[in-house]
Amino acid sequence: MASSSVPTRDDIIEALRPVEDPELHRSIVDLNMVRDIDIDLPVVTVLIALTISGCPLKDEITRRVSEAVTSLEGVDQLKLNFTSMTDAERAALREQLHGDPAATAGSHQGHGHAEGRQIPFAQPGNKTRVLLIASGKGGVGKSSITTNLGIALARQGKKVSIVDADVWGFSIPRMLGIEQPPTVIDSMIVPPEANGVTCISMGFFAQEDQAVIWRGPMLHKALEQFLTDVYWDDPDYLVVDLPPGTGDISLSLAQFLPRAEVYVVTTPNPAAQRVAQRSAFMSHKVNLEVKGVIENMSWFTGDDGKRYELFGAGGGQELADRLEVPLLGQIPLVSALREGGDHGNPIMSVDPDAEASKVFEVMASRIDTELAPTRRSHPELKIL
């Protein structure tokens, strides 16, 4: 603040510098969104250039800018006007945030994104931990586990993103409670956020009741574009909800994400865990490390306080012993977990003290500390 009580243009710029675009998580000043400032105390007028016309988070930007400017001495009212960036300005913004899409052309010749952008999570030195949530069969709750585990990691201060790689049975956006589609800025996809987690899914590109009938090459390309064309902004964790089985998608992701960690989901009954182990064996064949087993639907607690093991017992521990990895957690069968997924109110967000939520909290803590990778990648070191 200047020595005078009358704020200057520079004072207002500095007040706005901490204000972040709610989608890009960068200062609106650094993103060149502040275009004009007029001071006629007690009124200040500010012109903001939105990244796209009809920005879905315009009201949130309004709130943040208003709070910042009216906090200055002598400013009682803010008049906020909006314009939109030009195509050239959006192209420059995309390059500032995401790089030149042609800079790595040819790195994936013969498949995938025609421009050949590198997959950031596969690069040496990338610090994002990629967690593949897998199972050999459907119906074991991978998506609800992916959703609530992602939120649990976010609640522990981690920056978390989810890829809904189940292109046939996409459900993560609904489970997370995401209500708006991604924003596209000059071919750069900005994933929407809910409950502290960003997400990309086929559900944003297909109708809820539309069947995705694709063969392997199209699936391969779609997944590559999820990993390359989305502005992920260096998350601490990228949690990937895999489809059931060991088919094209799992193989493509093993190729795209060679440093990913695999977490196998099963239910307690022996038949389910014998099928689930197939995804673990596939991971071994493609040189991905299985880090742990998660058992879902472990028991139901009745009104009498007694646990009823409706699907048997011991399957998760047996699978973990066979794979020589820890059993990370046993998630009880509770209606709130299912209802939360159906209505976009994940139990980890709406009832963090629930029995199931506590299991997710412990699993997130174990993954973050006990199972943290011990190997480090040093791209600056080269063997000559």
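Is Glu193 buried, exposed or partly exposed? At 36% relative accessibility, Glu193 counts as partly exposed, because buried would take a value under 20% and exposed one over 50%. Keep in mind that we're looking at a predicted model here. Glu193 sits in strand 8, which covers residues 193-194. Leaving aside residues up to four places away in sequence, Glu193 touches His25, Ile178, Gln180 and Thr198. Pro181 is 12 residues away from Glu193 along the chain, and their C-alpha atoms are 9.7 Å apart.

Now step back to the whole chain. You'll find 12 helices and 15 strands in it, and of its 384 residues, 50% count as buried. Take the contacts with a separation of 6 or more: 73% of them come from residues 24 or more positions apart. As for the outside, the chain exposes about 18,000 Å², with carbon and sulfur atoms supplying 48% of that.

Let's start with the sheet built from strands 1, 2 and 3. This is an open sheet of 3 strands in the order 1-2-3, and its pairing is mixed. Strand 1 (34-40) and strand 3 (77-84) stand at the edges with a single partner strand each, so one side of each has no neighbour in the sheet. From one strand to the next, the twist averages 15°. Strand 2 (residues 43-50) runs parallel to strand 3, and the two pair over 8 bridges. If you want a register mark, take Leu47, whose bridge partner in strand 3 is Asn81. Helix 2 (residues 58-70) packs on this sheet, where the helix touches strand 2 and strand 3. The direction of helix 2 makes about 140° with that of strand 3.

Have a look, too, at the loop between strand 1 and strand 2, which is where Pro42 has its place. The peptide bond joining Leu41 and Pro42 is cis, with omega at about 10°.

Next, move along to strand 4 (residues 129-134). Strand 4 is mostly covered, with 6 of its 6 residues buried. Arg129, Leu131 and Ile133 point one way from the strand, while Val130, Leu132 and Ala134 point the other way, and all are buried. In general, strands of a sheet pair through backbone hydrogen bonds, either parallel or antiparallel. Strand 4 pairs in the parallel sense with strand 10 (residues 237-241) over 5 bridges, and Leu132 has Val240 as its bridge partner there. Strand 4 also runs parallel to strand 11 (residues 261-266), joined to it by 4 bridges. Opposite Ile133, in strand 11, stands Tyr263.

Two loop residues deserve a stop for their backbone angles. Ser187 lies in the loop between strand 6 (183-185) and strand 7 (188-190). Its phi is near 70°, a positive value in a residue other than glycine, and at 59% relative accessibility Ser187 counts as exposed. Asn287 lies in the loop between helix 8 (270-285) and strand 12 (289-296). Phi of Asn287 is positive as well, near 65°, and with 65% relative accessibility this residue counts as exposed.

We can finish on the surface. Phe300, Tyr308, Leu310 and Phe311 make a nonpolar patch of about 370 Å². Phe300 belongs to strand 13 (residues 300-301) and is partly exposed, with a relative accessible area of 37%. That value lets Phe300 count towards the patch, because patches are made of residues with over 30% relative accessible area.

Definitions and conventions. Residues numbered from 1 in each chain as written. Predicted model: local features only at pLDDT ≥ 70, side-chain atom pairs only at ≥ 80, totals over all residues. Heavy atoms only, no water. Patch = residues over 30% accessible without salt bridge, like charges linked within 9 Å, V, L, I, M, F, W, Y side chains within 5 Å. Areas by Shrake-Rupley, 256 points an atom, 1.4 Å probe, with all protein chains shown as cover. Salt bridge = Lys/Arg side-chain N within 4 Å of Asp/Glu carboxyl O. Buried < 20%, exposed > 50% of the residue type's maximum accessible area, 1.4 Å probe, protein only. Pairing = 2+ DSSP bridges. Axes fitted to C-alpha atoms, helices over the stretch in contact; angles between N-to-C directions. Contact = heavy atoms within 4.5 Å.
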